[in-house]
Amino acid sequence: MGTVRIAPSILAADFAALGSAITAAERGGADLIHVDVMDGHFVPNITIGPPVVRSIRRVTSVPLDVHLMIQDPDRYIEAFIEAGAAMVSAHVEVLPHLHRTLTYIKSLGARAGVAVNPSTPIGALQDVAELVDFVLVMSVNPGFGGQSFIPRSELRIREARRLLDGAGNDAPVEVDGGIDAHNVGRLVAAGAEIIVAGSAIFGAADPERATREMKAAALAGVAC
Ligand code: DX5
Ligand code: ZN
């Protein structure tokens, strides 16, 4: 381990001013931009679709990390990748053919991730551990920004890291939900290499500075 990437989640940004929010995060050193897609079925909230991803793609050179919290991801994956997603994660809870979905994402030229809810055993990923490009450990129940970090998630990051290592896969573990400059170091020390943060960045008075501080706090965890 040794790398850590910060992925500000635009869910907490002002949707009427997405361009300037993203530019601020980029100036603060954002490594990815995390885009939360919600359909009102898998989660009780509705956000954005491919047209918004396409517009975002035009205003930043940072890779887009699209997190699909939707009931039928297979139906929309191609549209999101065409719109500019470099990384796509879908939830294991809605995928009876997880292997097929991951293979499909890769075949379209994007990195394929699988997202896991707080109540889903990490072991559910055992049989795709060799195949995944990243694992997204949810540290809140998906659907909303600004929720509290679920403490057990730290253990689950370790479990996901062990699972990948056991499969000989050095793919990163991403963690998403309730992360701030205070808890991020511990999560990186536990094995998280991609850090999603929404309200801690876009809820701050100065998102550029908040991104920079989040990265510094995350890098302190690398040293542990
Ligand atoms: C939650 C989303 C998260 C969310 C995180 O369903 O997947 O990406 O934006 O927001 P914070 O950092 O505010 O918990
Ligand atoms: Zn997310």
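Let's start with what lines the largest pocket: by class, there are twelve nonpolar residues, ten polar ones and three charged ones. Keep in mind that this is a predicted model. The pocket itself has a volume of about 270 Å³. Add up its lining and you get 25 residues, with Gly145, Gly146, Asp176, Gly177 and Gly178 lying nearest the centre. As for where the lining comes from, at least two residues each are supplied by S2, S3, strand S8 (192-197) and helix H7 (199-202).

One of those residues nearest the pocket centre, Asp176, also turns up at the metal. The zinc ion (ligand 2) is held by His34 through NE2, Asp36 through OD, His67 through ND1 and Asp176 through OD, at 2.1 to 2.3 Å. What geometry does the site of the zinc ion (ligand 2) have? It is octahedral, with angles of 70 to 169° among six donor atoms. For comparison, the ideal angles for six octahedral donors are 90 or 180 degrees.

If you scan the sequence for the donor residues of the zinc ion (ligand 2), you'll find them spaced H-x1-D-x30-H-x108-D. Within that set, aspartate 36 and histidine 67 tie together distant parts of the chain: aspartate 36 sits in strand S2 (residues 33-38) and histidine 67 in strand S3 (residues 64-69), 31 residues apart. Buried or exposed, these two? Both aspartate 36 and histidine 67 are buried.

Stay on strand S3 for a moment, since aspartate 65 lies there too. With a relative accessible area of 0%, aspartate 65 is buried. Which residues does aspartate 65 touch, leaving out those up to four places away in sequence? They are Ala7, Leu32, Ile33, His34, Val35, Met87, Phe134 and Glu174. Note His34 in that list, because you've already met His34 as a zinc ligand through NE2. Alanine 13 is a useful contrast in distance: aspartate 65 and alanine 13 are 52 residues apart in sequence and 16 Å apart in space, C-alpha to C-alpha.

Finally, take a look at a loop. Threonine 120 has its place between strand S5 (111-116) and strand S6 (134-138). Its relative accessibility is 13%, so threonine 120 counts as buried, the cut-off being under 20%. Setting aside residues up to four places away in sequence, threonine 120 touches Val92, Glu93 and Arg156.

Terms used
Residues are numbered from 1 along each chain as its sequence is written. Chains are lettered from A and ligands numbered from 1 in the order in which they are written. This is a predicted model: local features need pLDDT of at least 70, side-chain atom pairs count only at pLDDT 80 or more; totals for chains, interfaces and linings use all residues. Side-chain values use heavy atoms; hydrogens and water are left out. Donors are N, O and S atoms within 2.8 Å of the metal (3.2 Å for Na, K and Ca); water is not among the atoms, so sites may look incomplete. Four donors count as tetrahedral if all angles lie between 85 and 135 degrees; four count as square planar and six as octahedral if opposite donors are over 155 degrees apart and all others between 65 and 115; anything else is irregular. Helices (H or I, at least four residues) and strands (E, at least two) are DSSP runs, numbered from the N terminus. Buried means under 20% relative accessible area, exposed over 50%, partly exposed in between (1.4 Å probe, protein chains only). On a 1 Å grid over the protein atoms alone, a cavity is a set of points where a 1.4 Å probe fits but cannot get out, and a pocket is an open set with protein on both sides within 12 Å along at least five of seven lines; lining residues have an atom within 4 Å of a point. Grid points are joined across faces, edges and corners, and a volume is the space filled by probe spheres set on the points. Ala, Val, Leu, Ile, Met, Phe, Trp, Tyr, Cys and Pro count as nonpolar, Asp, Glu, Lys and Arg as charged, and the others, Gly among them, as polar. Contact means heavy atoms within 4.5 Å.
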